[in-house]
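Biologist: I should like a close look at a single part of this predicted model. Which residues make up the largest nonpolar core? Please then set that part in the context of the whole chain.

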Amino acid sequence: EDDGRGMSRETIDRCCDLFFTSKDGGSGIGLALCLEAVTRAAGKLDIDSTLGVGTKVTLSIPLRRKNQRNAREVTNVTSR
């Protein structure tokens, strides 16, 4: 969670794309790597962002895996 500038809807839609960044000097691998790891663990990534306020990213991984998900998934994305 940060108290930075927050993300627009357009930025949220791309924030997990490999090498996409909106930061000066950013690499664009952080959230892409998080999404890859959480997907492999059958978890989910929640992103809540408000322009001018900040962003909170929550990574949830189940204790037991029911079945492997094949699709990359970002859930509960909120932009205000």
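Modeller: I begin with L35, which is buried, as its relative accessible area is 4%, and a residue counts as buried when that value is under 20%. L35 lies in helix 2 and belongs to the largest nonpolar core, a set of 8 residues whose other members are M7, I12, C15, C16, V38, L45 and I47. Two elements, helix 2 (30-40) and strand 1 (44-50), each supply at least two residues of this core. In soluble globular proteins, nonpolar side chains tend to be buried together. The core also links distant parts of the sequence: L35 and C16 are 19 residues apart along the chain, yet their C-alpha atoms are 6.8 Å apart in space.

Turning to the chain as a whole, its 2 helices and 3 strands follow the order α-α-β-β-β from the N terminus. Of its 80 residues, 30% are buried. Among contacts between residues at least 6 apart in sequence, 60% join residues at least 24 apart. The exposed area of the chain is about 5600 Å², with carbon and sulfur atoms supplying 50% of it.

Helix 2 also takes part in the largest pocket, since it and strand 2 (54-60) each supply at least two residues of the lining. This pocket has a volume of about 440 Å³. Its lining has 20 residues, of which D2, M7, S22, K23 and L31 are the closest to the centre. M7 is thus a member of the core as well as of this lining. By class, the lining has 6 nonpolar, 10 polar and 4 charged residues.

How values were computed: Residues numbered from 1 in each chain as written. Predicted model: local features only at pLDDT ≥ 70, side-chain atom pairs only at ≥ 80, totals over all residues. Heavy atoms only, no water. Core = buried A, V, L, I, M, F, W, Y, C linked by side-chain atoms within 4.5 Å. Buried < 20%, exposed > 50% of the residue type's maximum accessible area, 1.4 Å probe, protein only. Helix = DSSP H or I, 4+ residues; strand = E, 2+ residues; numbered from the N terminus. 1 Å grid on protein atoms, 1.4 Å probe; cavity = no way out; pocket = protein on both sides within 12 Å on 5 of 7 lines; lining within 4 Å. Points joined across faces, edges and corners; volume = space filled by probe spheres on them. Nonpolar A, V, L, I, M, F, W, Y, C, P; charged D, E, K, R; others polar. Contact = heavy atoms within 4.5 Å. Areas by Shrake-Rupley, 256 points an atom, 1.4 Å probe, with all protein chains shown as cover.
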